[in-house]
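Colleague: Could you take me through this model and show me how each label is earned?
Modeller: Gladly; let's put it on the screen and begin.

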Amino acid sequence: MLGRVPPLHLVARDGPVTCPWCRDELAGGPRCPACAVRYHAECAATFGRCATLGCAGALGAAGARGAPLPRLAALADRLAALRPGDPPPPTDARVLLLLPGQGEVPAAAAAAVGEALGLTPWEGRQRLGSSLPEPLVRVDGADAAAGLAGRLRAAGARCLVVPAAALLRPLEARQAHAADPAAARVDDGRGWGALPDPRLVVTGLRVEVTTREEVSPALEELDGVARPRAVQRRTTEPVALVLGRDDDAPLLLRRDALRIAGDEPTAHARWGRLLDAAREGADHVHLPTSASSLLSRRSIGPRGARDDLPAILLAARAAHLAWRAGALGAPKAAS
Ligand SMILES: [Zn+2]
Ligand SMILES: [Zn+2]
């Protein structure tokens, strides 16, 4: 039965709005021109297109100058949030990687890199001083990317153009379960296999911070009221990533998650021997410290967790792209 319909009031939805790309909260930012969904400016620059299913809206058009990418750790957070169904970057999109080993940075290079980012020469100098290949800008179109790379090189900056689809895709790894340093063999869960040759080995320190609520006994004794308190736990673990020339995903070696064969008395010693075996005859990049402290990232996430593994995986991916192109260390794998 149809009675009197009460007047309808439309109210703004309460609660946080989230960005469709990284799923984090959003306060403002550019809208998709086609469907009006909002994004973080950095997410719009990174992906260049709307994430809404069926919407082809272009975001943060890169043009000839390029769209500046967030620094490695913040970029890794965004890639770690990608889901299997998310659309890939446009096929003509390119990313400029700055290469390490720049030595004395010419003022012109710092200015050119700063300008590509829409920032100051000081920021350009920071990026050029990185000891890792670092994603700099996304550019739409191979010609525009080559033009920008040419201008940066003319100013004295070393850089490399890679397809955006090779870099801006979900982060993944095959985790090893067991290793035998004497035979340079690893079990990745699908059986034992020799380490690839030639190979790139990337080593670093994974830091994980977890926060949980705990009732403080001291406070309870004081006034009999149980008050939960946030307690942080920090774990660090050495990791190594091994990549053959044509590998899409690295083999991930985690010291604390590996059975390592050998007579050495401690897990630490066996890990050392495994690293020696992996690096033997390989090209090697060491991430100088925990990737997060090196490469500014967002603070600890809403679930109170922080894990450097995404940043380490992305650093390894960028290094692998440079290595494959013969632009990093000895060009063993250059075609
Ligand atoms: Zn976002
Ligand atoms: Zn859209």
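**How the labels are earned**

Modeller: Helix α3 passes helix α5 in a right-handed crossing. The contact is made by Ala-112, Val-113 and Ala-116 of α3 and by Leu-148, Arg-151 and Leu-152 of α5. Please keep in mind that this is a predicted model.

Colleague: Thanks. Why is α3 called roughly antiparallel to α5?

Modeller: The axes of α3 (residues 107-117) and α5 (residues 142-154) cross at roughly 150° and come within 8 Å. Angles over 145 degrees count as roughly antiparallel, and that makes α3 roughly antiparallel to α5.

Colleague: What classes of residue make up the contact of α3 with α5?

Modeller: Five are nonpolar, one is charged and none is polar.

Colleague: What makes α3 and α4 roughly perpendicular to each other?

Modeller: Here the axes of α3 and helix α4 (residues 121-128) come within 7 Å and cross at roughly 105°. The range for roughly perpendicular is 65 to 115 degrees, and α3 and α4 are therefore roughly perpendicular to each other.

Colleague: Which residues make the contact of α3 with α4?

Modeller: On the α3 side they are Ala-109, Ala-110, Ala-111, Ala-112, Val-113, Gly-114 and Leu-117. On the α4 side they are Pro-121, Glu-123, Gly-124, Arg-125, Arg-127 and Leu-128. By class, this contact has eight nonpolar, two polar and three charged residues. Ala-112 and Val-113 of α3 are in the contact with α4, and Ala-112 and Val-113 are also in the contact with α5.

Colleague: Let's turn to burial. Why is helix α2 described as largely enclosed by the rest of the structure?

Modeller: A residue is buried if 20 or more other C-beta atoms lie within 10 Å of its own. Seven of the nine residues of α2 (residues 72-80) are buried, so α2 is largely enclosed by the rest of the structure. The buried residues are Leu-72, Ala-73, Leu-75, Ala-76, Asp-77, Arg-78 and Leu-79.

Colleague: Why does Ala-81 count as partly exposed?

Modeller: Ala-81 is in the loop between α2 and strand β4. Buried takes 20 or more neighbours and exposed takes 12 or fewer; with 18 C-beta neighbours inside 10 Å, Ala-81 counts as partly exposed.

Colleague: Which residues is Ala-81 in contact with, leaving aside its neighbours within four places in sequence?

Modeller: They are Trp-21, Cys-22 and Arg-23. Ala-81 and Cys-22 are 59 residues apart along the chain, and their C-alpha atoms are separated by 5.3 Å.

Colleague: How do you know that strand β5 is mostly covered?

Modeller: Seven of the seven residues of β5 (residues 134-140) are buried. For the whole chain of 335 residues, 38% count as buried.

Colleague: And how do you know that β5 pairs with strand β3 and is joined to strand β4?

Modeller: Pairing takes at least two bridges. Strand β3 (residues 67-68) and β5 have two bridges in the antiparallel sense, with Pro-68 opposite Val-137. Strand β4 (residues 93-98) is joined to β5 by six bridges, again antiparallel, and Leu-98 stands opposite Glu-134.

Colleague: What makes strands β11 and β12 a pair?

Modeller: The requirement is at least two bridges, and β11 (residues 199-215) and β12 (residues 228-244) pair over 17, in the antiparallel sense. One example is Glu-213, whose bridge partner in β12 is Ala-230. Strand β12 also pairs with strand β13 (residues 251-254), antiparallel and over four bridges, and Leu-241 stands opposite Leu-252 in β13. A hairpin of six residues joins β12 to β13.

Colleague: Why are β10 and β14 called edge strands?

Modeller: The open sheet of four strands has the order β10-β9-β8-β14, with mixed pairing. Strands β10 (192-194) and β14 (259-260) each pair on one side only, and that is what an edge strand does here. Within this sheet, three bridges join β8 (residues 178-180) to β9 (residues 185-187) in antiparallel fashion, with Ala-178 opposite Asp-187.

Colleague: To finish, how many helices and strands are there in the chain?

Modeller: There are 10 helices and 16 strands. Among contacts between residues at least 6 apart in sequence, 66% join residues at least 24 apart.

Conventions. Residues are numbered from 1 along each chain as its sequence is written. Chains are lettered from A and ligands numbered from 1 in the order in which they are written. This is a predicted model: local features need pLDDT of at least 70, side-chain atom pairs count only at pLDDT 80 or more; totals for chains, interfaces and linings use all residues. Axes are lines fitted to C-alpha atoms, for helices over the stretch in contact, and angles run from 0 to 180 degrees between N-to-C directions. Angles under 35 degrees count as roughly parallel, over 145 as roughly antiparallel, 65 to 115 as roughly perpendicular and the rest as oblique. A crossing is left-handed if the near helix is turned anticlockwise from the far one by less than a right angle, and right-handed if clockwise. Two residues are in contact if their C-beta atoms, placed from the backbone, lie within 7 Å. Ala, Val, Leu, Ile, Met, Phe, Trp, Tyr, Cys and Pro count as nonpolar, Asp, Glu, Lys and Arg as charged, and the others, Gly among them, as polar.
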